[in-house]
Amino acid sequence: MAGRAKFGRSSRKIKKEAELDITSFMNLMIVLVPVLLMMMVFSRITVLELALPQLGEANEQNIDVKDQRLELVVRANHIAVYYPQGYLVKDIAVTEQGYDYAALQLVLRQIKQTLINKNIDKKAATLLLEEDIPYQVIVALMDTTRSYQEVLIASVVDAELFPEISLGDAPIKTNAAASDESTGSAK
């Protein structure tokens, strides 16, 4: 009997079925889904479209006004703006704070306004860069060249400058003094 009582007590225990309570999980999802959706907007990737310069050699005398290129030659110590290619419009020196993007944008706005006055709709510009120009500077130059902010009827809008940007290598500087030294030492 003692054996039965021992088994009887354990057999009398009634096992309850586990109940699944998902209320707290649903509350978490209600909060988490909108937060994740908002984060998607902030982690958006911006893509800049670039065009490569054409490889064909053109005769400079036969270039139509609409085919003339705006070139920005970016060096470590200055930015030179050429329009049409080969004709210097402005040479902007680097300041203590870095490249003078405001002065560059002012020159580009003047060129754009001159073109608009001549009924020329030019949207292309070429950035010719030296080798060691930092990536952040390249992106800032592209942003400066593409558009500028203007106040229009009590709101700030982005006005278009030259949104079609091509990248290329800056022409190699030719130093007459360096070539004289090399020819002088060879004699």
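**Buried charges, helix α4 and a nonpolar patch in a predicted model**

Glu71 is buried, with a relative accessible area of 10%. In this predicted model, the side chain of Glu71 is paired with that of Arg69 in a salt bridge, in which the closest N and O atoms are 2.6 Å apart. Arg69 is partly exposed, because its relative accessibility is 36%. Side chains of opposite charge can pair when their charged atoms come close. A total of 4 salt bridges was counted.

Another of these pairs joins Arg75 and Glu130, with an N to O distance of 3.3 Å. This pair links distant parts of the chain: Arg75 is located in the loop between β2 (71–74) and β3 (78–82), whereas Glu130 is located in the loop between β5 (124–129) and α4, 55 residues apart. Arg75 is buried, since its relative accessible area of 9% falls under the 20% limit. Glu130, with a relative accessible area of 28%, is partly exposed.

The overall architecture of the protein comprises 5 helices and 8 strands, arranged from the N terminus in the order α-α-β-β-β-β-α-β-α-β-β-β-α. Of its 187 residues, 25% are buried. Of the contacts between residues at least 6 apart in sequence, 55% connect residues at least 24 apart. The exposed surface of the protein amounts to about 15,000 Å², and carbon and sulfur atoms account for 56% of this area.

Helix α4 spans residues 135–146 and includes Thr145. The end C-alpha atoms of α4 are 17 Å apart, which agrees with the 16 Å that its 12 residues should span at 1.5 Å a residue. Buried positions in α4 are Val137, Ile138, Val139, Leu141, Met142, Thr144 and Thr145. Thr145 has a relative accessibility of 0% and therefore counts as buried. The side chain of Thr145 reaches the backbone oxygen of Leu141 at 2.7 Å. An α-helix has 3.6 residues a turn, so residues three or four places apart point the same way. Beyond its neighbours within four places in sequence, Thr145 contacts Leu72, Leu108, Ala125, Leu127, Leu161, Phe162 and Ile165.

Helix α4 also contains a salt bridge between Arg146 and Asp143, whose closest N and O atoms are 2.9 Å apart. The two residues are separated by about one helical turn, because they are 3 residues apart in α4. Both partners are partly exposed, Arg146 at 25% relative accessibility and Asp143 at 34%.

A further buried position is found in strand β4 (residues 88–93), which includes Ile92. The relative accessibility of Ile92 is 5%, so this residue counts as buried. Apart from residues up to four places away in sequence, Ile92 touches His78, Ile79, Asp100, Ala103, Leu104 and Val107. One of these contacts, Ala103, is 11 residues from Ile92 in sequence, with a C-alpha to C-alpha distance of 7.3 Å.

At the surface, Leu20, Ile22, Phe25, Met26, Leu28, Leu32 and Leu36 form a nonpolar patch of about 700 Å². Leu20 is situated in the loop between α1 (2–11) and α2 (23–42). With a relative accessibility of 76%, Leu20 counts as exposed, because that value is over 50%.

How values were computed. Residues numbered from 1 in each chain as written. Predicted model: local features only at pLDDT ≥ 70, side-chain atom pairs only at ≥ 80, totals over all residues. Heavy atoms only, no water. Helix = DSSP H or I, 4+ residues; strand = E, 2+ residues; numbered from the N terminus. Buried < 20%, exposed > 50% of the residue type's maximum accessible area, 1.4 Å probe, protein only. Contact = heavy atoms within 4.5 Å. Areas by Shrake-Rupley, 256 points an atom, 1.4 Å probe, with all protein chains shown as cover. Patch = residues over 30% accessible without salt bridge, like charges linked within 9 Å, V, L, I, M, F, W, Y side chains within 5 Å. Polar contact = N/O pair within 3.5 Å; in protein donor to acceptor, adjacent residues only side chain to side chain. Expected span 1.5 Å × (residues − 1).
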